[in-house]
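Dear colleague,

I am handing over the structure we spoke about, and would be glad if you could look through it alongside the notes below. They begin with the contact between the chains and then move to individual sites and strands.

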Amino acid sequence: MDAKSIIDSLVNKFQDSLVDAKVDSDIRVSAYLEPEKIVEVCQYMKDELLFDHLSSETAVDYPKRNEIVVVYHIGSYDHSVLMTIKVKLPRDAPEIESIVPVYWNANWYERETYELFGVKFNNHPYLKPLVLPDELMGDWPLRKDYEGFPNRTARNLV
Amino acid sequence: MDETVGPSEMIVHLGPQHPMQPGPFRLNLKLKGETVVDADIELGFIHKGIEKILENKTYLQGIPIVDRICYLTAMTNEEAYVGAVEKLADIEVPERSQYIRVIVEELSRLQSHLLGMGEFGAFIGFVSMFMYTIKEREDILSLMDMVTGARITHTFLRFGGVRDDLPEGFKERSAAVFASLREQIADYERLFNHDEIYKQRCFGVGILEAKTARDLGLSGPALRATGVAFDIRKDEPYLVYKDLDFKVCTATDGDIAARINVRLEEMLESMYIIEQCLDQMPNGPLFFEDSSYGVRTPVMRVPEGDVFHRVEDPRGEMGFYMVSDGSDKPYRVKIRGPVYPTMQALPPLIKGTTLADVAAIAGSMDGCTSEADR
């Protein structure tokens, strides 16, 4: 399975919700996606395109654009193409459906993204802090306007 | 985990400090008699915030920081970080530097597997094993010391090359070390696979099916022991791995012994790779002259963009997702370590086994809390 056919198949199926889908190299493809479709797209990729390995899931904060972008890196054990899906969320109320039902190991990645960025994952089985102590909960330390303990600048945003 | 305990059940906390553990984490086990009926893991005892630290350091200052994600795999962490920056900034690496990088990374794989195996031996009550492997590991570390000037945290790779060339006499000294290590590996194999107690404890225990291992998102030796030939060095070749002859070591049983045997075999492959490199490597510069990112450039700006670069760590797939905004510091770095999914997969793996097997299973997965917490 090569990068071009993967992107074609995805664009055919999810024409309206995929933006800027492109082939970056032989082994990398990427696209922006509407937040509502994330579980459906992941399920399709896992069942039809052999993307059975969630490599990583994280977020990037863009305070100037008032956006938090959740980034999914989904790879495969059978072919070497790795798909990067980016989902833009509003910075003041970032919320997205959890993909744990599709990829089991998304559990910890989503817990970490939640405690570090404040992105809320709906229908997550156990959305509790993973690496941070309880006192830092609500500070969202990986956001760009976090100034560090004890100046809790980002605390009142979400 | 549900904290309510039924009749004849109890909760046992392994950790945060326990001799069995490769770093502090808490393993909560719900036991019914000797059987583990439920388990969960608490992390965060050595969370260092490395991702945030990297955002506040220049690219060059980041290299010693990524060394310290896990001291066993410092070299491959550096490769993932430096490789990601090179992809972003489009920096070419001369062939001689690429060969030197492969050599030090395979040495790093050797010493990581040796220590992992020693720790595993200690966990199952075979403490002499730790003494055997730590001796051989020290020889490998002296080889790395010869090249990089440090035993465990090297700060050796640079954008577009490596810091120093191989020293005089490296080839001869490595040949002597490898000859002794080959003998030792044959010994380890005999020690493990022909010992009656080891057979009873490790054959057919902690079995992972290939499908379960895929669903759990594992990589590295733990996955390859189930028969899935997933190796970034083959699937997504970086450096000069595509010019080198090596095989991806797999086993089919998926039990504790299979994971150990895969590591033993991989060590032989690593030595074979290093010997090929020493024979094949061309003479030439360590940096291209027109590269503006050599050792002498203090300020380095990286073009805007993002990249996900992954390499094969001793434990599996190590990936760096790096976002640059065009300044001299990374805008965001996400470290995707191989141990993170491994630790996550531990509770489902030990559910249904006995308390005595927990240490053996956890040891054979070769975890490292420092890397999982970051």
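In this predicted model, the contact between the two chains draws 25 residues from chain B and 25 residues from chain A. On the side of chain B that touches chain A, at least two residues each come from α1, α8 (210-215), β7, β8 and α12 (339-350) of chain B, and β7(B) gives the most, with 4 residues. By character, the residues on that side of chain B divide into 9 nonpolar, 5 polar and 11 charged.

Two of the elements just named, β7 and β8 of chain B, also belong to an open sheet of 3 strands, which runs in the order β6-β7-β8 (chain B) with antiparallel pairing. Because β6 (305-313) and β8 of chain B stand at the edges, each with a single partner strand, one side of each is left without a neighbour in the sheet. Direction ignored, neighbouring strands of this sheet are turned by 15° against each other on average. The pairing of β7 (residues 316-324) with β8 in chain B is antiparallel and extends over 6 bridges, and within it Y321(B) has K334(B), in β8(B), as its bridge partner. Helix α3 (residues 74-89) of chain B packs on the sheet, where it touches β6 and β7 of chain B, and its direction makes about 150° with that of β6(B).

Which residues does the UniProt annotation "binding site" cover? According to that record, an unreviewed entry, they are E51(B) and I335(B); although they are spread over 285 residues of sequence, they cluster in space, the largest C-alpha distance being 7.1 Å. E51(B) lies in helix α1 (residues 50-55) of chain B, and I335(B) is found in strand β8 (residues 330-336) of chain B, which is one of the edge strands described above. E51(B) counts as partly exposed because it has 19 C-beta neighbours inside 10 Å, whereas I335(B) counts as buried because it has 22 C-beta neighbours inside 10 Å. Not counting residues up to four places away in sequence, E51(B) touches L142(A), V333(B), K334(B), I335(B) and R374(B), so that its contacts include a residue of chain A. On the same basis of counting, I335(B) touches I50(B), E51(B), I69(B), F320(B) and R374(B); R374(B) is thus in contact with E51(B) and with I335(B).

Turning to chain A, strand β1 (residues 18-25) and strand β2 (residues 28-33) pair in the antiparallel sense over 5 bridges, with L33(A), in β2(A), as the bridge partner of L18(A). A hairpin through 2 residues joins β1(A) to β2(A). β2(A) also pairs with strand β5 (residues 82-90) of chain A, here in the parallel sense and over 6 bridges, and in this pairing R28(A) stands opposite L82(A) in β5(A).

Is V70(A), in strand β4 (residues 67-75) of chain A, buried or exposed? V70(A) counts as buried, because 23 C-beta neighbours lie inside 10 Å. Leaving aside neighbours within four places in sequence, V70(A) is in contact with A59(A), V87(A), L89(A), I96(A), T113(A) and V119(A). A59(A), one of these, is 11 residues away from V70(A) in sequence and 4.2 Å away in space, C-alpha to C-alpha.

With best regards

Key
Residues numbered from 1 in each chain as written. Chains lettered and ligands numbered in written order. Predicted model: local features only at pLDDT ≥ 70, side-chain atom pairs only at ≥ 80, totals over all residues. UniProt positions renumbered as here; feature names shortened; annotations may be inferred. Buried ≥ 20, exposed ≤ 12 C-beta atoms within 10 Å, placed from the backbone. Contact = placed C-beta atoms within 7 Å. Pairing = 2+ DSSP bridges. Axes fitted to C-alpha atoms, helices over the stretch in contact; angles between N-to-C directions. Nonpolar A, V, L, I, M, F, W, Y, C, P; charged D, E, K, R; others polar.
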